[in-house]
Amino acid sequence: MSSLSLTAEAPAAPADADDGVWLECIECGDTYAPFDEIRYTCDCDALLEVRYADLPTWDEFEGRGVWRYSAALPFEVGVTLPEGDTPLHRVPRLEEDLGVESLRIKHEGMNPTGSFKDRGMTMGVRVAQELGVDRLACASTGNTSAALAAYGARADLETLVLLPAGKVAAGKVAQASLHGARILEVDGNFDTCLDIVQDLAQRGEAYLLNSLNPFRLEGQKTIGLEILEAHKEDYGEYPDRIVLPVGNAGNTSALYKCFRELVQAGAIEPDEVPKLTGVQAEGAAPMVEAIENGAEETRRWDEVETIATAIRIGNPVNAPKALPGIRETGGTAVAVSDEEITAAQRDLAGEGVGVEPASAASVAGLRKLREQGDVDADERVVCLTTGHLLKDPDAAAEAGADPEPVPGDTAGVLEHLGE
């Protein structure tokens with residue numbers, strides 16, 4: 001049985017495990033000690049996952065934030081700002097409009113640098129310290145660079161970020177700049193940047209902290225733990241479905257790993273696992289294409305374009321982990337237009353939840369799936385929003401109302417309001 005099956009048995013620790021933690025190839029099953037050497041993939045070039053000899057149950061978690069779940073992570077604490085413990089918003093008008101039993105918004109934009117990437121970086125930078133590296137690097141559509149710059153600064157490590165020239169929202173570039181990262185603007189798209197960063201990492205020039213790094217996803221899987229705990233507390237049951245934006249497919253992979261580990265630990269039953277449902281922009285939808293065509297792998301899209309800059313990715317590196325996650329949980333994937341994304345961004349703002357365009361893709365996708373009859377009215381749904389509104393202030397201004405010029409006196413203001 002594949003190690004990525006929802007009902008796979010808990011793994012047994014190999015001889016090279018370090019305190020019950022090891023890396024394992026998702027394809028050939030080869031194992032590696034986690035901190036003896038810098039390693040991102042298996043010798044067969046397939047992706048790795050972090051494995052644990054002891055998988056915790058709910059009563060072993062204590063505290064708040066990402067490190068509440070240290071029993072399910074390789075360390076007791078990481079390089080922390082702190083992160084996690086993000087809100088699960090109620091959106092009653094949107095819930096009624098979309099016609100589902102319940103709808104909650106998991107707003108990851110409330111993390112320290114304004115995106116879910118902080119969860120991965122608190123872990124990834126801690127691993128970098130364990131390995132003794134002195135330079136961190138990532139390719140980014142913006143949020144990764146902001147998070148890596150902040151956590152790299154916290155750890156006093158040199159940080160290098162490669163961005164596609166002219167394709168990253170101003171708020172994200174400003175964050176990376178202020179936190180002291182060296183910013184290299186590449187003549188190419190995100191996938192070109194990732195190709196270069198991977199090459200630099202293989203040459204030993206920097207420690208790669210994109211989601212190809214299996215430890216990044218360990219931090220991100222805590223999103224799933226928080227959703228399940230909070231939803232169970234509010235409704236007495238877990239959500240039926242989690243809808244999330246998909247770029248490099250790291251969160252899809254991380255949530256699926258979270259659920260598999262809970263099943264292996266006996267903390268939840270297989271039939272309690274939420275359906276993982278991915279949403280991409282129409283101009284960057286290789287995962288949707290693979291799901292619709294029943295393909296085992298994604299086709300690289302060399303040309304991608306969308307207003308949702310955070311998911312403007314044509315070659316999702318975590319597709320081999322994410323595709324089984326969608327299929328094994330009974331989920332699906334859907335592509336939405338930029339216009340549908342902007343409309344969803346306005347809908348969320350109308351409930352007081354401010355997100356960047358890529359985040360709104362989850363709500364746009366849910367609306368489309370409801371219209372198509374792929375999501376039922378009796379479902380309890382959580383939509384993941386991944387980044388704060390101020391990550392992309394230009395897009396927010398474009399989607400919002402225009403300022404209204406008025407005279408500089410009360411009478412003039414009242415007259416304008418009367419009009």
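# A tour of the cavities and sheets

Start with the second largest cavity: its lining residues divide into seven nonpolar, no polar and two charged. Keep in mind as you look around that this is a predicted model.

**Stop 1: the second largest cavity.** Select L55, P56, F61, A72, K221, L225, C258, E261 and L262, the residues that line this space. The volume they surround is about 70 Å³. Now colour α8, which spans residues 250–265. Helix α8 gives the most to this lining, with three residues.

**Stop 2: the largest cavity.** Keep α8 on screen, as it also helps to line the largest cavity: α3 (143–154), α6 (214–220) and α8 each supply at least two residues there. How much space lies in the largest cavity? The answer is about 280 Å³. To find the middle, select F116, K117, G247, N248 and A310, which are the closest to the centre among the 23 lining residues. The lining of the largest cavity is made up of nine nonpolar, 12 polar and two charged residues. If you would like to hunt for others, the count of cavities of 30 Å³ or more comes to four.

**Stop 3: the whole chain.** Zoom out and switch to a cartoon view. The chain has 14 helices and 13 strands. Its radius of gyration is 21 Å, close to the 22 Å that the globule rule gives for 419 residues, so the chain is as compact as a globular protein of that length. Turn the model around and you can follow the C-alpha trace along its principal axes, where it spans about 80 × 50 × 45 Å.

**Stop 4: the sheet of four strands.** Select β8, β7, β6 and β9: in that order they form an open sheet with parallel pairing. Which strands are at the edges? They are β8 (182–186) and β9 (207–208), and each pairs on one side only. Next, zoom in on β6 (residues 135–139), which pairs with β9 in the parallel sense over two bridges. Here you can find A137 opposite L208 in β9. Then bring back α3, the helix from the largest cavity's lining. Helix α3 lies across β6 and β7 (158–164), and runs at about 170 degrees to β6.

**Stop 5: the sheet of six strands.** Move on to another open sheet, this time with six strands in the order β4-β5-β13-β10-β11-β12 and with mixed pairing. Look at β4 (88–90) and β12 (333–336): each has a single partner strand, so one side of each is left without a neighbour in the sheet. Averaged over this sheet, and ignoring direction, neighbouring strands are turned by 25 degrees against each other.

Now pick out β10 (residues 241–245) and β13 (residues 380–385), which run parallel and are joined by three bridges. For a close-up, select I242 and look for V382 in β13, which stands opposite.

**Stop 6: helices across the six strands.** Select helix α7 (residues 222–235), which lies across β4, β5 (102–107), β10 and β13. Relative to β5, helix α7 runs at about 140 degrees. Finish with helix α11 (residues 338–350): what does this helix lie across? Its strands are β5, β11 (275–281), β12 and β13, and helix α11 runs at about 95 degrees to β12.

Methods:
Residues numbered from 1 in each chain as written. Predicted model: local features only at pLDDT ≥ 70, side-chain atom pairs only at ≥ 80, totals over all residues. Heavy atoms only, no water. 1 Å grid on protein atoms, 1.4 Å probe; cavity = no way out; pocket = protein on both sides within 12 Å on 5 of 7 lines; lining within 4 Å. Points joined across faces, edges and corners; volume = space filled by probe spheres on them. Nonpolar A, V, L, I, M, F, W, Y, C, P; charged D, E, K, R; others polar. Pairing = 2+ DSSP bridges. Contact = heavy atoms within 4.5 Å. Axes fitted to C-alpha atoms, helices over the stretch in contact; angles between N-to-C directions. Rg over C-alpha atoms; globule rule 2.2 N^0.38 Å.
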